[in-house]
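This report looks at salt bridges in a single model. Where do they sit, and which parts of the chain do they link?

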Amino acid sequence: MIRSTAVRTVAAPPDQVWGVLADHEGMRTWVPGLRVAVTRPGTSETGGVGTVRKVGFGIAGPIVEEVVAFEPGRRLGYRALAGVPLKDYRGEVVLSPAGAGTEIRYTVEAEQRLPFGEALLVRGLAAGLLSGLVRGVRAGGVR
């Protein structure tokens, strides 16, 4: 497996960061050009485990993701079901209190089949998704 973790601390409490992170359709506010639609609700709570979302850019076909971990205020994990060129693609975001703010750890992993390309893509995804989430938190998560 290839794994990359990007870490950043923001000046916002964990509950505020969680509000932005767990708002699946609101992701479009922190990633320019992104389209997100929830196609199946979670099994026990809105946006929780079992939620399926379609995520796409422009005319590119959507990536279909399923939420596999949902611990409000602390952790959200997902895996790709379709539409991504990485085998066994997974993402996990862990929030931890850090003084008056929140440390965000965004981890992306996938199975490595090629020597270099996939590792660069995984590293870029972790950094890019974390930057987008931080932008969303700073903007207040407003749709």
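A salt bridge here is a side-chain nitrogen of Lys or Arg within 4 Å of a carboxyl oxygen of Asp or Glu. The model is predicted. A search of the whole structure finds nine such bridges. Three of the pairs are listed below.

| Pair | Closest N and O atoms | Separation along the chain |
|---|---|---|
| R53 and E65 | 2.7 Å | twelve residues |
| R79 and E66 | 2.7 Å | 13 residues |
| E111 and K87 | 3.9 Å | 24 residues |

Start with R53 and E65, which form a salt bridge. The pair links distant parts of the chain: R53 lies in strand β3 (residues 52-57) and E65 in strand β4 (residues 63-71). Both partners, R53 and E65, are buried.

Next comes R79, bridged to E66. R79 belongs to strand β5 (residues 75-82), while E66 belongs to strand β4. Is each partner buried or partly exposed? R79 counts as partly exposed because its relative accessibility is 30%. E66 has a relative accessible area of 14%, so E66 is buried.

The E111 and K87 bridge joins two loops. E111 is in the loop between β7 (101-110) and α2 (117-138). K87 is in the loop between β5 and β6 (90-98). E111 has a relative accessible area of 26% and is therefore partly exposed. K87, at 38% relative accessibility, also counts as partly exposed.

One network remains. Salt bridges with shared partners connect E71, R74, R75 and E92.

Technical notes. Residues numbered from 1 in each chain as written. Predicted model: local features only at pLDDT ≥ 70, side-chain atom pairs only at ≥ 80, totals over all residues. Heavy atoms only, no water. Helix = DSSP H or I, 4+ residues; strand = E, 2+ residues; numbered from the N terminus. Buried < 20%, exposed > 50% of the residue type's maximum accessible area, 1.4 Å probe, protein only.
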